[in-house]
Amino acid sequence: MKKIAIAAASVALLAACASSKMAENAPKDGEVGMPSNYQSWPVFVSGIEKSSGHIRDIYINQEGTKTKKGENFPNGTQFVMEIYKADKGTDGKLSKTQLEKVFVMAKGEGWGVSAPEGMKNGDWIYSAFDGKGQALKPDYGTCRGCHLPLTDKDYVFHYDKYFDMKASLDSPSYADMLSAHAGMVALNNAEATQASALLQ
Ligand code: HEC
């Protein structure tokens with residue numbers, strides 16, 4: 001009996017050591033690479049026009065899409081945001097010219113611990129690249145400072161927009177609308193049949 005208790009205690013101790021080791025080895029800002037295949041990921045929010053003459057497209061990896069509104073994104077989530085330079089056409093519309101920067105936000109168990117006190121964004125860390133995928137060396141404190149106030153949105157700017165868009169795609173009211181439409185088509189068909197029967 002005693003032996004089992006000791007074994008259990010040492011397993012717990014080992015687990016504690018392993019998790020602090022994990023945090024120690026956790027990547028820091030600038031250490032997550034640019035995912036090569038992100039353009040095939042689900043779109044998070046796209047076509048965000050900035051008055052600076054830029055357009056931003058944001059992708060989310062598959063892991064992150066499992067999240068429901070009100071929840072934080074799970075460990076393993078990554079966001080990639082493309083920042084394009086854009087020109088204003090004669091019609092006043094912005095259109096993309098070239099990819100200027102690629103920003104990454106990634107989350108894993110204990111990854112945020114390396115951030116200075118007061119600058120922690122949960123377990124998120126940040127990376128930045130130029131348009132050719134070369135790593136940039138920005139002051140990551142600026143990324144953290146700007147995202148920091150969004151504590152109830154898991155530090156993600158377009159949290160609400162994304163979930164509202166998702167909800168409208170599979171909301172019951174949308175389904176109702178579709179079936180009401182189908183019902184009307186059926187009714188019209190029935191009327192048409194009746195009408196043609198009368199005419200005969
Ligand atoms: C001046 C404030 C500000 C700074 C500084 C900033 N961001 Fe953001 N970030 C935003 C805003 C606002 C958005 C939402 C996109 C939009 O509307 O432009 C965003 C969105 C993102 C996203 C997409 C996920 C989301 O929150 O919607 C990533 C990834 C990201 N930023 C990474 C970075 C990185 C990396 C840095 C530092 C190199 C950085 N950000 C610095 C304001 C900032």
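1. Let me start in a loop. Tyrosine 155 sits in the stretch that connects helix 2 to helix 3. Its phi is positive, about 65 degrees, although the residue is not a glycine. Is tyrosine 155 buried or exposed? Its relative accessibility is 12%, so it counts as buried, the cut-off being under 20%. Keep in mind throughout that this is a predicted model.

2. The residue just before deserves a look too. Aspartate 154 belongs to the loop between helix 2 and helix 3 (159-169), and its phi is near 55 degrees, again a positive value in a residue other than glycine. Aspartate 154 is buried as well, because its relative accessible area is 3%. I'd check the backbone at both places by eye.

3. Now the overall layout. The protein has four helices and five strands, and reading along the sequence gives α-β-β-β-β-β-α-α-α. Of its 200 residues, 30% count as buried. Among contacts with a separation of 6 or more, 54% are between residues 24 or more positions apart.

4. The strands can be followed one pairing at a time. Strand 1 (43-50) and strand 2 (54-60) are antiparallel, with five bridges between them. One of the pairs is lysine 50 with histidine 54 in strand 2. These two strands make a hairpin with three residues between them, and in the turn glycine 53 has a positive phi of about 85 degrees.

5. Strand 2 also pairs with strand 3, antiparallel again, over seven bridges. Here isoleucine 60 has phenylalanine 79 of strand 3 as its bridge partner. How many residues of strand 2 are buried? Six of the seven are, so strand 2 is largely enclosed by the rest of the structure.

6. Next along come strand 3 (residues 78-88) and strand 4 (residues 94-107), which run antiparallel and are joined by ten bridges. Glutamate 82 is bridged to valine 102 in strand 4. This hairpin has five residues between its strands, and glycine 92 takes a positive phi near 85 degrees there.

7. The last pairing to mention links strand 4 to strand 5 (residues 124-130), antiparallel, through seven bridges. Which residue of strand 5 is the bridge partner of methionine 105? That would be tyrosine 126. When you turn the model to look at these strands, remember the general rule that side chains in a regular strand alternate between the two faces of the sheet.

8. On to the metal. Which residue donates to the iron atom of the ligand? His147 does, through NE2 at 2.2 Å, and there is no other protein donor. Histidine 147 is part of helix 2, which covers residues 140-147.

9. His147 turns up again in the largest pocket, where it is among the residues nearest the centre, together with Arg56, Met81, Phe103 and Phe157. The pocket holds about 510 Å³ of space and has 22 lining residues. By type, the lining breaks down into 16 nonpolar, four polar and two charged residues.

10. Where does that lining come from? Strand 1, strand 2, strand 3, strand 4, strand 5 and helix 2 each put in at least two residues. Helix 2 makes the largest contribution, with four residues. So the iron donor His147 and that largest share of the lining both belong to helix 2.

11. One last spot, alanine 135, in the loop that runs from strand 5 to helix 2. Alanine 135 counts as exposed because its relative accessibility is 57%, with the threshold set at over 50%. Once neighbours within four places in sequence are set aside, alanine 135 has contacts with Ala128 and Phe129. There is also a link back to the pocket: the C-alpha of alanine 135 is 10.0 Å from that of phenylalanine 103, although the two residues are 32 apart along the chain. Phe103 is one of the residues nearest the pocket centre.

Methods
Residues are numbered from 1 along each chain as its sequence is written. This is a predicted model: local features need pLDDT of at least 70, side-chain atom pairs count only at pLDDT 80 or more; totals for chains, interfaces and linings use all residues. Side-chain values use heavy atoms; hydrogens and water are left out. Donors are N, O and S atoms within 2.8 Å of the metal (3.2 Å for Na, K and Ca); water is not among the atoms, so sites may look incomplete. Two strands pair if DSSP finds at least two bridges between them. On a 1 Å grid over the protein atoms alone, a cavity is a set of points where a 1.4 Å probe fits but cannot get out, and a pocket is an open set with protein on both sides within 12 Å along at least five of seven lines; lining residues have an atom within 4 Å of a point. Grid points are joined across faces, edges and corners, and a volume is the space filled by probe spheres set on the points. Ala, Val, Leu, Ile, Met, Phe, Trp, Tyr, Cys and Pro count as nonpolar, Asp, Glu, Lys and Arg as charged, and the others, Gly among them, as polar. Buried means under 20% relative accessible area, exposed over 50%, partly exposed in between (1.4 Å probe, protein chains only). Contact means heavy atoms within 4.5 Å.
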